[in-house]
Amino acid sequence: MARPAPGGPGAPGPVDGRIGGDGVDLLGPVPVLPAPNPAGCLTRGMVAYSPHQGDPLLIASICHARNSPFGAENRAKESLMDAVRHHADRLWPLTGRDGQFEVCREAAANPSYRGLVIRGEAGVGKTRLAEEVWRHLCDSGASGGRATATAAAAAMPLAAIAHLLPPGLDLTDPAPAFRAVAASLSGRGPRYFLLIDDLHLLDSPSAVLVRELLDDGRVFLIATLRSDLPASDAVAALDRTDETARVEIAALDEPTTEAVLTRALGGVVSRSTAHRLYERSGGNLLFLREIVLGLLASDGLQRQGAAWCLARSEHGTAASQSPGLDALVEARLGQLVPEARRVLETLAVAGPLSLAALEDLVAPEVVAGLEERDLVHVQTSRARTSVVLAHPLYGDVLRNRIPVTRHRAILARCAAHVLHKGVRRVEDPLLVASWQLASAGEASTPLILRASELAAYSHDHLQTVRLLESLPDDALPLMSRRLLGTAYFFVRRFDQAEAVLARAYAEAATEAERFRIAVDRTLNLAWSGQGAAALRVNAEALDRTNDEAMRAALEVNGASLRAFSGNPSAAVLRLLEDADHVEDERVRVYAQGIRVMTLASIGETKEARRLAADHYLTHRDASRRVVLPHPSAALMVQATAGLAGGDLEAATEAAMEGLRLALKDDAVLVVISLSVLLGRIAWLRGRPEDAHRWYSEALAISLREGVPMALRDATSGAAACAAVLGRVVEAEQLLREIDDYAEAAPVWGEESLGQAWLFAATGLVRRGGELMMEAAQRARAAGQTAFEMFFLGEAARLGAAPAVADRLAELEVVSDSSFARPLALFARAMSVKEPQLLMEEAVPALRAAGLQLMAAETAAAAAHAFHRADEARMAQAAATTSRGLADACQGAVTPGLALPSPWKPLTARENEIAVLAVQGHSSRRIAEILTLSVRTVDNHLQRVYAKLGVTSRAELADRL
């Protein structure tokens with residue numbers, strides 16, 4: 001960013017240390033250097049000047065730039081940029097640009113191209129990609145240089161590239177001068193790669209010179225160019241030629257943003273945190289970086305368990321304060337007339353407004369001008385046209401800079417405008433009440449009560465709490481107090497929810513009021529881990545009503561609670577079948593979802609999936625009339641049914657769509673449940689890194705939000721993944737913490753998964769198998785066929801196949817899950833160790849079911865069986881199959897993956913020498929380390945080669 005500098009006209013301003021070429025001031029300005037002396041520079045490095053020889057401005061500019069302080073300034077800047085970029089490389093790795101990088105690399109290798117221009121809006125990562133390409137070329141042996149065009153350097157012709165020009169350049173004749181420059185650059189290698197950042201700011205003389213160098217053919221240009229800003233004709237000529245390759249860079253999408261965050265922070269980033277940061281940054285890499293740095297500095301981004309999460313604040317999640325971000329946004333907003341600034345401030349404070357409302361405040365051409373500059377977006381939905389800020393960060397920065405008095409005045413004016421026009425739209429009461437409370441601290445009670453209902457039905461439960469808490473307790477009608485208690489539940493303030501709802505229940509004057517409040521209480525108690533208390537509340541309400549419809553609803557609600565607590569008995573299931581006939585819509589829809597999950601858990605997966613197909617639409621429609629859990633909960637039900645039925649693809653698809661919707665509306669309870677579910681799916685698929693990421697997410701959010709429901713299962717799942725990935729210390733630490741978490745959800749043995757695989761990772765494989773068999777017994781006692789089948793399969797993997805094969809064969813008959821046959825076949829084949837059965841039936845069945853890691857373990861078992869039968873060729877084929885399957889399992893290491901060794905074992909000394917050799921040590925160095933002779937080392941190496949069937953150190957490394 002150019003700044004005014006002292007020293008009179010033409011004096012250069014301080015040069016920013018920047019990343020991305022878009023003006024992020026990271027390290028502060030370089031001290032201002034003395035202004036150059038144009039007259040003096042014309043006498044240095046020149047013989048004489050003739051006005052008839054070439055362009056006086058270009059020749060003088062070359063000489064001036066080479067000998068002026070700008071040359072030293074740019075060299076100092078390069079050193080500064082090296083330090084900054086080193087930090088940026090470490091913190092912000094190049095991610096998600098593989099395709100563009102390959103295109104750029106191919107263009108640089110193509111002799112028909114003389115230049116490459118990487119285009120895009122500010123902050124999308126143009127410079128990062130350009131530098132990666134440039135470094136790749138230089139690391140490959142090419143020579144190159146780089147320069148950054150700035151507004152300050154543009155005021156002095158050729159200043160940006162002065163440090164690249166040869167000293168003592170004789171410019172009496174421009175043609176030889178140009179050749180001298182080209183010779184100087186090309187003398188450093190066969191092709192000189194010139195990187196110019198922010199090409200659109202390059203002065204015309206520099207652009208002309210660069211074009212001459214490109215035409216000479218010995219220089220290749222790599223440049224970044226802002227696509228949203230104009231450039232001079234000379235610069236445009238560099239971009240438009242057919243000999244220039246062009247690559248467009250767009251903002252990051254959400255998955256890539258998450259990948260960048262994960263690599264930059266060096267650990268798992270919770271999906272909800274990645275989603276929020278993507279929303280705030282809009283996929284702009286520069287904005288994302290500043291947001292994260294601000295959050296890290298303010299502890300707004302913290303490690304929760306094994307994952308990075310946004311810290312909670314009283315308003316939801318923490319916001320970042322970053323001077324760099326403020327400067328970026330202010331530079332983007334630029335100089336605005338007061339009316340335009342007022343429009344942006346109004347949108348920042350009040351949120352999206354109708355176009356008609358804004359045009360009542362300012363002239364239509366002001367809004368049109370802001371739209372042309374891409375500072376606002378005009379959106380049309382049905383009959384309404386609204387105006388929103390073009391980027392959410394504009395609102396963050398503007399709000400931070402608006403004085404409190406003006407902030408309140410804007411909101412008061414917006415509220416008065418809507419009231420004057422008439423509260424006509426459905427959302428108007430919510431808007432007006434929120435604006436009045438924020439501006440004056442009060443609003444009419446009827447308006448607040450109506451607004452709270454609107455907020456609840458739109459799943460904005462935090463807003464519901466704010467609105468109702470603004471009223472005195474004695475001003476809340478009974479049903480509004482009930483609404484407040486329900487909102488407390490949805491924002492995870494379980495104790496407050498029970499206190500408010502219990503009081504409302506005690507004050508209820510009618511059976512209908514007690515019934516509705518009792519149902520709310522049971523939901524809050526069940527999800528906060530107090531299943532027994534929920535059943536007591538439901539039983540008390542049942543005793544106090546004689547209304548047949550309410551009694552039927554409470555019977556079904558009690559069945560839902562018992563099923564939710566892990567009791568899918570036949571009596572419970574019969575009651576859930578009556579859910580379709582319950583008059584109360586909330587109880588009916590909730591019980592229908594519980595019925596689907598119960599059917600899935602007892603092995604009736606086809607019926608579960610059939611009912612789940614329509615349940616989401618039913619739930620979504622009902623949530624417009626009654627306050628229900630977020631509709632994404634119905635997609636969790638659908639995903640659970642798909643998983644139990646053995647359709648991992650369908651389960652993943654439903655779970656990811658549910659997660660997207662839950663994140664959008666901050667439905668935290670559903671996000672936690674879906675994260676655990678996605679962890680199970682990834683575990684079954686043999687993808688422990690993915691599973692670890694999902695379990696860690698569930699654990700992190702549960703800890704942050706104080707939700708006990710999934711703590712033990714998520715901790716156990718994460719520990720199992722860590723153990724399988726060889727991170728034993730992490731697994732041990734996780735399992736030490738699991739005892740601190742109370743049993744708050746139906747548990748049939750999943751919390752044993754982590755301990756079982758930790759046993760296996762530390763050599764106690766049989767003990768791990770026994771632990772899984774115990775878990776299967778608990779699941780069987782609870783009637784949870786799906787979990788029993790899962791645990792028996794885990795036991796079979798851990799050496800207990802003979803003990804569980806018969807039970808899995810029984811479950812194959814009673815369960816219609818697609819997993820039943822592959823698991824039964826796996827256990828039977830592992831029991832008899834029949835290699836043909838393993839390879840010809842078990843492996844294909846497991847692969848078809850998506851159980852990749854189990855298929856790899858099965859092939860390994862076949863390799864052992866073939867090896868024992870001295871069928872070397874078949875053993876090698878099975879081992880190859882096992883390795884191929886295991887390669888897709890993200891580095892998993894399990895006892896079942898161990899392959900038979902066709903080679904003679906190495907002695908301790910041979911192993912010692914082999915390890916040192918593959919570490920890159922020479923024979924002489926190995927001899928020094930082990931105090932042996934070089935000949936002895938070489939003899940040992942030859943014996944190692946013979947035993948392992950290799951002929952070189954490279955092959956030895958692969959074999960080891």
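**Exercise 1. Determine the relative orientation and the contact make-up of helix 41 and helix 42 in this predicted model.**

Solution. Step 1: the axes of helix 41 (residues 852-868) and helix 42 (residues 872-886) come within 8 Å and cross at roughly 165°. Helices are DSSP runs of H or I with at least four residues and strands are runs of E with at least two, numbered from the N terminus. Axes are lines fitted to C-alpha atoms, for helices over the stretch in contact, and angles run from 0 to 180 degrees between N-to-C directions.

Step 2: angles under 35 degrees count as roughly parallel, over 145 as roughly antiparallel, 65 to 115 as roughly perpendicular and the rest as oblique. Helix 41 and helix 42 are therefore roughly antiparallel to each other.

Step 3: the crossing of helix 41 with helix 42 is left-handed, a term for the near helix being turned anticlockwise from the far one by less than a right angle, with clockwise giving right-handed.

Step 4: contact means heavy atoms within 4.5 Å. On the side of helix 41, the residues in contact are Q852, A855, A856, A859, A860, A862, A863, F866 and H867, and they meet M874, A875, A878, A879, T881, S882, L885 and A886 of helix 42. By class, this contact of helix 41 with helix 42 has 13 nonpolar, four polar and no charged residues. Ala, Val, Leu, Ile, Met, Phe, Trp, Tyr, Cys and Pro count as nonpolar, Asp, Glu, Lys and Arg as charged, and the others, Gly among them, as polar.

The model is predicted: local features need pLDDT of at least 70 and side-chain atom pairs count only at pLDDT 80 or more, whereas totals for chains, interfaces and linings use all residues. Residues are numbered from 1 along each chain as its sequence is written, and side-chain values use heavy atoms, with hydrogens and water left out.

**Exercise 2. Establish how strand 1 is enclosed and paired.**

Solution. Step 1: six of the six residues of strand 1 (residues 115-120) are buried, so strand 1 is largely enclosed by the rest of the structure. Buried means under 20% relative accessible area, exposed over 50%, and partly exposed in between (1.4 Å probe, protein chains only).

Step 2: G115, V117 and R119 point one way, L116, I118 and G120 the other way, and all are buried.

Step 3: two strands pair if DSSP finds at least two bridges between them. Strand 1 runs parallel to strand 4 (residues 219-226), joined by six bridges, and R119 stands opposite L225. Strand 1 also runs parallel to strand 5 (residues 244-248), through five bridges, where V117 has R246 as its bridge partner.

**Exercise 3. Locate R492 and D666, and state for each its phi and its burial.**

Solution. Step 1: R492 is found in the loop between helix 22 (478-490) and helix 23 (494-507). Phi of R492 is near 65°, a positive value in a residue other than glycine. R492 is buried, with a relative accessible area of 9%.

Step 2: D666 is in the loop between helix 31 (648-664) and helix 32 (668-684). D666 has a positive phi of about 55° and is not a glycine. Its relative accessibility is 40%, and D666 counts as partly exposed.

**Exercise 4. Is D428 buried or exposed, and which residues does it touch?**

Solution. Step 1: D428 lies in helix 19 (residues 428-440). At 2% relative accessibility, D428 counts as buried.

Step 2: not counting residues up to four places away in sequence, D428 touches V418, G422 and V423.
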